[in-house]
Amino acid sequence: MRIAIIGAGVAGVCSAYELAAAGHQVTVFERRGSVAAEGSFATGGHIAPALALPWLAPSFPRPGAGPLGWQWQRWRSQRKPAMQEAQDRVLHLARFSHERLQQLRRHLQLDHERAEGQLVLLRQDKDQKAIQFGLERLQRLDMPYRLLDAAQCLAVEPGLNPEIALHGGIQLGLGEVGNTRQFCHLLRSEAQRLGARFRFHTTVRRLEAGAPASLVHEYTPTDEQLGPSTPQLRRAEPPDAGDTQPAPLGPQEERFDAVLVCAGTGAAPLLKALGLKPRWRELHTQSITAPLRVLEAHPHLGPVAGLLDWQRQVGISRIGQRVRIASLPSPIALELKASSLAPLHQALSDWFPGAMQGGQVQNWQGRHLALDDGLPLLGASGQTGIWLNLAQQSLAHSGWTLACGAAAVLARQIGGGTAAQGAQDPTLPDIGGLDIGRWA
């Protein structure tokens, strides 16, 4: 099959690899000049199936969490009778996705600055009480975790500040962090070796459903700088697997057997033109990244792996020899300036004082597509030839948590059952109820 993918973030790159590995002719259209150039650029990189559930999200209403109408809609959606079953399917998908990531890492020998471990920090006793229902649900679904007291948290993360008030923590049995952008570059190279083509600086203007589906794209080069380009980030990228195909100027129309939309916030106008209008809005994430300070007298100045400050809704992760502090996605759009980044600096100062080298800080802000029920949008669109792989980023986890699994499942559905290379388990999770039909 000839398959087009729109968007080269982590969802698009994973999809390109899975479809190319299954033997399809894959073309990826990306409006920026590289993979992972927008919403996947400098995320916290947390990968933890347990975080696919909304059990870590504070209850409604919460000051500063966005418009009350948005909070109210999400709160109502979480309480629909079918929601628990749908959330359970997301959890099973997240678990499968974690397994698929490990398969890819071993099979392709990927090195993406991975660090194993995920610890949720609870500042007060009331924090644990607030998420007790979620812990019981994790236990029911056989998702491993371990409750820790403050001393045990310090044993897991010896760099934690012993002077800050800490009630305890939750050590998630399946969890890690890594460099999302580096992973995307590595997997892009593998997809290209399998024949996938990437067309960068190419904007998709219009989609038309059909058999085949029609796609109009245009070469749109730009000098826009989407994120920090630093020596640290450049060293993390592998060499290209080959040049992309040059594109002629002006609108160009091509036909494909299937089109998979992974374009994040760029998907909205394309789907609206097709008459598809799920209830969505943009979420915003900010992060700061800096080299870790190295002192012989204090060997544990930064995190070992990944942490989540539940009360502050801030994630901290070790990315190689750097530390990254990221806000969880929020519907509030903030300017990328000192005042909005102050909570991130404060969280790092609370837990790992003195860990960051102050002269080389990189700031970043990204946008993500989110649906009012907090679930991803996966599967057939209801329009012939158009498929969707969207809204994987939620209030509790990064899109990487679901990306590998969702790509494998969708590749099987689009291709009619052909397995991808390295997929050891032919049994795929059920993503029924996660498609656009839930708004029918």
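This is a short talk on the fold, the core and a few notable residues of one protein chain.

Hi everyone, thanks for coming. One thing to keep in mind throughout: what you see above is a predicted model.

Let me begin with the overall picture. The protein chain has 440 residues, and 57% of them count as buried. Along the chain there are 11 helices and 20 strands. If you take contacts between residues at least 6 apart in sequence, 79% of them join residues at least 24 apart. As for the outside, the accessible surface comes to about 17,900 Å², with carbon and sulfur atoms accounting for 49% of it.

Now, please turn to the sheet. It is an open sheet of six strands, and reading across you get β9-β2-β1-β13-β20-β19, with mixed pairing. The edges are β9, residues 197–199, and β19, residues 377–380, each of which pairs on one side only. From one strand to the next, the twist averages 20°. At the β9 edge, β2 and β9 run parallel and are joined by three bridges. If you want a residue pair to click on there, V28 has F198 in β9 as its bridge partner.

F198 brings me to the core. Which residues touch the most other members of the largest nonpolar core? They are I5, C14, V26, F183, L187, F198 and L260, out of 55 residues in that core. As a reminder, in soluble globular proteins nonpolar side chains tend to be buried together. Several elements feed this core with at least two residues each: the strands β1, β2 and β13, and the helices α1, α3, α7 and α11. The largest share, 11 residues, comes from α11, which spans 400–415.

L187 is a nice place to stand inside that core. Beyond its neighbours within four places in sequence, L187 is in contact with V13, C14, Y17, L108 and L110.

Next, a hairpin. β10 and β11 pair in the antiparallel sense, over six bridges. Within that pairing, L207 stands opposite L215 in β11. Four residues separate the two strands of the hairpin, and G210 in the turn has a positive phi of about 155°. There is something else to look at in this loop: the peptide bond joining A211 and P212 is cis, with omega at about 10°. P212 belongs to the loop between β10, residues 202–208, and β11, residues 213–219.

While we are on backbone geometry, here are two residues other than glycine with a positive phi. Q109 has a phi of about 55° and lies in the loop between α3 and β4. A391 has a phi near 55°, and its place is in the loop between β20 and α11. Are they buried or exposed? Q109 has 70% relative accessibility, so it counts as exposed. A391 is buried, because its relative accessible area is 8%.

Let me finish with two polar residues in loops. E157 sits between α6, residues 150–156, and β7, residues 168–172. Its relative accessibility is 2%, so E157 counts as buried. What surrounds E157? Leaving out neighbours within four places in sequence, E157 is in contact with L119, G302, P303, V304, A305, G306, L307 and F352. V304 deserves a closer look. E157 and V304 are 147 residues apart in sequence, yet their C-alpha atoms are 6.1 Å apart in space. A polar atom of the E157 side chain lies 2.7 Å from the backbone nitrogen of V304.

The other one is S330, in the loop between β17, residues 322–327, and α10, residues 338–351. With 17% relative accessibility, S330 is classed as buried, because the cut-off is under 20%. Where does the side chain of S330 reach? The backbone nitrogen of I332, at 3.1 Å. Not counting residues up to four places away in sequence, S330 also touches E282, L283 and H284.

That's my tour. Thanks for listening, and I'm happy to go back to any of these spots.

Technical notes: Residues are numbered from 1 along each chain as its sequence is written. This is a predicted model: local features need pLDDT of at least 70, side-chain atom pairs count only at pLDDT 80 or more; totals for chains, interfaces and linings use all residues. Side-chain values use heavy atoms; hydrogens and water are left out. A nonpolar core is a set of buried Ala, Val, Leu, Ile, Met, Phe, Trp, Tyr and Cys residues joined through side-chain atoms within 4.5 Å. Buried means under 20% relative accessible area, exposed over 50%, partly exposed in between (1.4 Å probe, protein chains only). Contact means heavy atoms within 4.5 Å. Two strands pair if DSSP finds at least two bridges between them. Axes are lines fitted to C-alpha atoms, for helices over the stretch in contact, and angles run from 0 to 180 degrees between N-to-C directions. A polar contact is a pair of N or O atoms within 3.5 Å; within protein, one must be able to donate a hydrogen and the other to accept it, and residues adjacent in sequence count only if both atoms are side-chain atoms. Accessible areas come from the Shrake-Rupley method with a 1.4 Å probe; for residues, only the protein chains shown count as cover.
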